[in-house]
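Student: I am new to this structure and would like a close look at one part of it. Please take the packing of helices and the buried residues, and go through them slowly.

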Amino acid sequence: MNSSSNVIKIAIAWCLGWGEGREPQFDLSVLQQMHQALNDGKSVPEEVQWIVKQVKQLQEIPEKYCPENIENLKSDYAELWKQNTQIGLVYGGATKIKQYVFENTNLTDIRGASALLDRINLVDLPAFFGQGQKSVTISQWLSKNFPDLATALIPELIIYSTGGNILAFCPAAFVDELANAIEKRYTEETLRANSCAVGDQFNLLEIRFGLLADRIEDTFWLNKYRLVNDETDKAKIELVRAYFGNPKNDAELLEAFQNRKSFNEITTKLAILFNQRRSGNDFLNRPSRRYPPMFETHPYLRRDESDLCSAIAQINLPSKPYLSESLVRKRIVGQIAKREVFQENLPPWFTSLELDWQPTGIKIKSWVAEFEDYLAQQENCHLANQYYENYSQPEEARSLRELGNVYQEFVAYIYADGNNMGGYIQTIKTPEEYKQFSEDIFEATENSVYQALAEHLHPHKLQNLTDPDNENRNGQWIHPFEILTIGGDDVMLIVPANKALQIAKTIGEEFERKLAKTKRYPLPADAQNNSVHRCQGSPVPNNSSLSMSIGVLVTAKDMPVYYAEKLTEQLLKSAKKRAKKLRDVGYYGGTVDFLTLKSVTMISSNIEQFRKEALTKKVGSTLQLYAAPYTFHELGGLIKVVEALKNAEFPKSQLYQIRSLLEKGKRIAILNYRYFRARLKDGKSELLQRDFEEPWCPAKTNEGNIAPWMYEPKDGIYETIWREVVDIYDFIEVSSSDSTNQQQITAKEARK
């Protein structure tokens with residue numbers, strides 16, 4: 001397998017060898033020989049040896065090299081500066097993804113929309129470059145729409161193509177054509193998904209040192225940057241600091257300048273162009289993107305299930321739905337992805353429509369199938385044994401009803417996203433680092449999800465289904481989860497409610513552990529792990545500067561998906577807000593926020609407003625009747641508290657009574673908690689003392705505790721985990737034999 005450095009060498013050499021015209025400046029066979037020789041580590045043809053030599057010289061520039069004056073750069077690397085052949089760089093991908101994926105409530109349609117976008121991003125676009133599956137369909141499509149493009153592209157040009165976006169080099173003459181092809185592919189395949197792609201041309205030195213002026217002497221360089229910081233013109237100083245940063249000393253000034261004047265600067269330019277084009281600005285020599293995809297409707301025409309487009313037919317399915325062509329594509333791709341139908345044998349309801357579009361040519365693979373492949377790997381056989389145990393080979397779940405069948409008609413939505421990824425990207429200086437970073441993040445994210453699912457779940461046998469469209473599924477074994485998407489550092493899952501928090505915790509911890517294992521993302525010198533946790537104990541050490549925040553929503557299976565997605569996104573933002581606050585005091589680990597809803601109408605406003613107005617009281621002191629969000633270590637401690645309460649057989653009615661008394665004041669809540677704890681059977685109160693009072697509620701001025709409260713001296717607030725304990729009580733299972741009766745009671749109450 002080629003290293004990132006060699007892949008980028010091949011990409012840049014190919015672009016330089018091709019030149020700036022639509023026809024290569026060397027014979028195509030020479031470029032192909034160069035391509036093969038660089039892949040095999042052999043000598044390249046004599047005609048292009050000087051090109052490979054220049055690329056090698058570019059890559060060997062020391063990381064810390066940054067001359068005081070731009071003239072020094074020009075003289076030190078005169079040959080590279082004289083190389084004026086432009087290199088193309090293109091950035092693009094889908095936009096408003098959630099709007100497209102969640103515009104329908106049917107799980108098959110959501111899965112189909114996600115699978116279609118993933119296929120375009122992970123399969124179709126790389127196939128433009130000849131990477132991955134050899135697709136006759138893509139070749140024919142390119143030949144019809146962009147006949148010269150395929151010849152000019154090779155697989156090594158791709159820097160990354162995960163997370164819903166693609167960043168790739170290309171010969172300068174094909175920048176606009178490649179960007180147009182990316183946008184056209186998304187629109188033709190999905191009809192309704194928004195996409196955007198932009199590109200520009202750069203010279204060889206700009207790949208290493210960022211944007212340079214046509215007259216290199218006019219480039220704003222380090223010596224000018226130092227002078228600006230010594231000037232008295234405040235407006236000029238603020239403008240420069242907004243671009244380069246606000247360093248406190250000379251070392252920080254040099255680091256800020258090097259971080260900006262690198263490959264990062266040209267990707268930032270593309271990101272700005274991307275936002276401008278997405279907003280509808282005109283671009284020279286390119287079709288306008290001012291208007292998003294839309295389909296006219298008519299008051300006397302039947303609309304589809306999403307009420308967004310005119311239906312083209314009533315489909316012969318159990319529910320007799322009316323579908324538009326956009327929805328037809330989601331439905332058939334969703335059925336193929338969950339292996340309900342196969343591309344080689346499409347169902348009659350689809351073939352009878354006689355559409356020009358067909359979901360053939362490239363295999364559509366779901367994330368659940370990827371999960372099965374992960375478990376099938378030799379190094380993961382222990383996870384496969386743990387997950388499958390003695391169960392039959394399971395299918396994918398076909399609806400939220402089937403997922404709700406796993407645990408008392410409740411499911412959980414998990415939405416995870418990386419912390420400070422944008423900030424870290426600002427420190428990446430070379431395309432090699434970009435490529436390596438993208439591969440590391442995607443692999444860590446994907447494998448963390450698969451490991452968490454395998455550790456905490458088992459296949460489930462459907463039973464007691466009564467709906468006409470799925471009662472024939474009783475007795476079928478299913479995978480008890482749905483992976484909506486894994487894109488870069490983004491994860492969206494639906495899992496059983498009773499395992500959601502454990503899965504979220506494992507995903508976050510494994511993500512950090514896998515990145516730490518690469519040793520490419522070390523913690524800063526001022527990082528610390530322990531003092532920020534409100535729960536005492538020994539947290540899992542965080543050895544990576546990158547982490548995840550996660551939002552978890554536990555709710556009934558019949559909650560509208562679009563509403564659940566919006567609430568889960570709010571929880572994710574809340575978790576990220578706490579992660580950012582903790583990062584300011586040296587903690588770089590992940591956080592999680594969660595909410596349990598047993599009724600759709602429990603929250604009519606956003607979650608932050610609900611907590612501020614309903615769960616924050618001023619009774620002498622400021623009382624915060626919740627403690628979310630949590631660090632992963634704190635979440636583990638919270639789960640232990642619930643397990644201790646169940647093992648102690650703490651009466652459920654008293655749990656609710658203590659919760660209701662929290663808003664009465666600090667002292668009343670403490671008194672009632674101590675009264676109820678004193679009434680527990682012999683030996684049971686020690687469980688609460690060990691797992692709740694000592695880790696969570698120690699007093700700040702003596703050796704006692706203030707259970708059920710915690711005191712935050714910095715903010716002067718008393719907070720408590722008791723409300724969250726009661727909320728998740730029904731969804732945490734314990735395995736001890738003395739808690740069997742309590743488990744049965746809990747299951748009955750969860751169904752109410």
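Tutor: What follows goes through two helix pairs, then the nonpolar core, then some single residues. This is a predicted model, in which local features need pLDDT of at least 70, side-chain atom pairs count only at pLDDT 80 or more, and totals for chains, interfaces and linings use all residues. Residues are numbered from 1 along each chain as its sequence is written, and side-chain values use heavy atoms, with hydrogens and water left out.

Two packed helices are described by the angle between their axes and the distance between the axes. Axes here are lines fitted to C-alpha atoms, for helices over the stretch in contact, and angles run from 0 to 180 degrees between N-to-C directions. Helices (H or I, at least four residues) and strands (E, at least two) are DSSP runs, numbered from the N terminus.

Take helix α27 (residues 652-661) and helix α28 (residues 666-678): their axes come within 9 Å and cross at roughly 165°. The two are therefore roughly antiparallel to each other; angles under 35 degrees count as roughly parallel, over 145 as roughly antiparallel, 65 to 115 as roughly perpendicular and the rest as oblique. On the α27 side, Gln654, Gln657, Ile658 and Leu661 meet Ile668, Ala669, Asn672, Tyr673 and Phe676 of α28, where contact means heavy atoms within 4.5 Å. By class, the contact of α27 with α28 has six nonpolar, three polar and no charged residues. In this count Ala, Val, Leu, Ile, Met, Phe, Trp, Tyr, Cys and Pro are nonpolar, Asp, Glu, Lys and Arg are charged, and the others, Gly among them, are polar.

The second pair is helix α1 (residues 4-18) with helix α22 (residues 431-456), whose axes come within 9 Å and cross at roughly 125°. α1 and α22 are therefore oblique to each other. Ser4, Ser5, Val7 and Ile8 in α1 touch Pro431, Glu432, Lys435, Gln436 and Glu439 in α22. That contact of α1 with α22 has three nonpolar, three polar and three charged residues.

Next comes the core. A nonpolar core is a set of buried Ala, Val, Leu, Ile, Met, Phe, Trp, Tyr and Cys residues joined through side-chain atoms within 4.5 Å. The largest one has 234 residues, and those that touch the most other members are Ile12, Phe128, Phe169, Val552, Trp696, Ile721 and Trp722. Leaving out residues up to four places away in sequence, valine 552 touches several residues, including Ala412, Ala500, Leu571 and Phe594.

Leucine 571 lies in helix α24 (residues 561-583). At 1% relative accessibility, leucine 571 counts as buried; buried means under 20% relative accessible area, exposed over 50%, and partly exposed in between (1.4 Å probe, protein chains only). The C-alpha atoms of leucine 571 and phenylalanine 594 are 6.3 Å apart, with the two positions 23 residues apart along the chain counted as their separation. Beyond four places in sequence, the contacts of leucine 571 include Val552, Phe594, Ile607 and Arg611.

Arginine 331 belongs to helix α16 (residues 325-337). Arginine 331 also counts as buried, at 5% relative accessibility. Not counting residues up to four places away in sequence, arginine 331 touches residues among them Asp109, Glu305 and Trp349.

Alanine 150 lies in helix α9 (residues 149-152) and is partly exposed, with a relative accessible area of 38%. Outside four places in sequence, alanine 150 touches Phe128 and Leu142.
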